[in-house]
Structures are given as structure tokens and as C-alpha cells.
Amino acid sequence: MLDIALKISLALVLVAILLNTYRLSVGPDMPDRILALDTMYVNSIALIVLMGLWLNTKTYFEAALLIAMLGFISTVAVCKYLLRGDIIE
């Protein structure tokens, strides 16, 4: 039963990543594209956690934590660049 739920969740997360890719490429404004990229980080974290559950290993959870930290830092950096024109003051 868990195997079926993981496969369905994996398929739905992949669909969400495809929709985020569409919004990233077609987005009308730069903030929409930044938001799509940030959502893509969250979806990739979900994908990695689901793979870790499916393969029953702990290394995937560490990779998801690293991607979460990098995603947060890069989103803040891109937003600061968009608002102020430079990242480091």
C-alpha cells in the first residue's frame, strides 16, 4: 500500500515540476519567474524525500536538507538583486 502511495505522490510531484517549468519559461514578469523557481526548489525537495522513502535510505534526506538551504539562500539573493540592483551592500 505504501509503495502505491509513493508512486502516486512521485507522479504528482513530477507533474508539479513540469508545471513550474512552464511558468518559469513563460512567466509574464520577473517576480513570477522567481516564485516559480522557488516553488521548483520545494518540489525538488519533495521529490528527493519521496525517493528516500521509496529506497529506504537516509542519504536522500541529507541531500534534501542541503537543497533546502541553497534554495532559500538563492531565492533571497535573487530577490535582493531584483529589488536593489546588487546583492552585497
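**A predicted chain of three helices**

Q: What radius of gyration does the chain have, when a compact globule of 89 residues would have one near 12 Å?
A: This is a predicted model, in which local features need pLDDT of at least 70 and side-chain atom pairs count only at pLDDT 80 or more, while totals for chains, interfaces and linings use all residues. Residues are numbered from 1 along each chain as its sequence is written, and side-chain values use heavy atoms, with hydrogens and water left out. The radius of gyration is taken over C-alpha atoms, and the globule rule is 2.2 Å times the number of residues to the power 0.38. Against the globule value near 12 Å, the chain has 15 Å.

Q: Which order do the elements of the chain follow from the N terminus on?
A: Helices (H or I, at least four residues) and strands (E, at least two) are DSSP runs, numbered from the N terminus. The chain holds three helices and zero strands, and the order of its elements is α-α-α.

Q: How far apart are the end C-alpha atoms over residues 60-83?
A: The UniProt record, an unreviewed entry, places the feature "transmembrane region" at residues 6-22, 34-54 and 60-83, although such annotations may be inferred rather than shown by experiment. Over residues 60-83 the chain is 100% helix and 0% strand, with its end C-alpha atoms separated by 34 Å.

Q: What share of the 89 residues in the chain is buried?
A: A residue is buried under 20% relative accessible area, exposed over 50% and partly exposed in between, using a 1.4 Å probe and protein chains only. By this definition, the buried share of the 89 residues is 19%.
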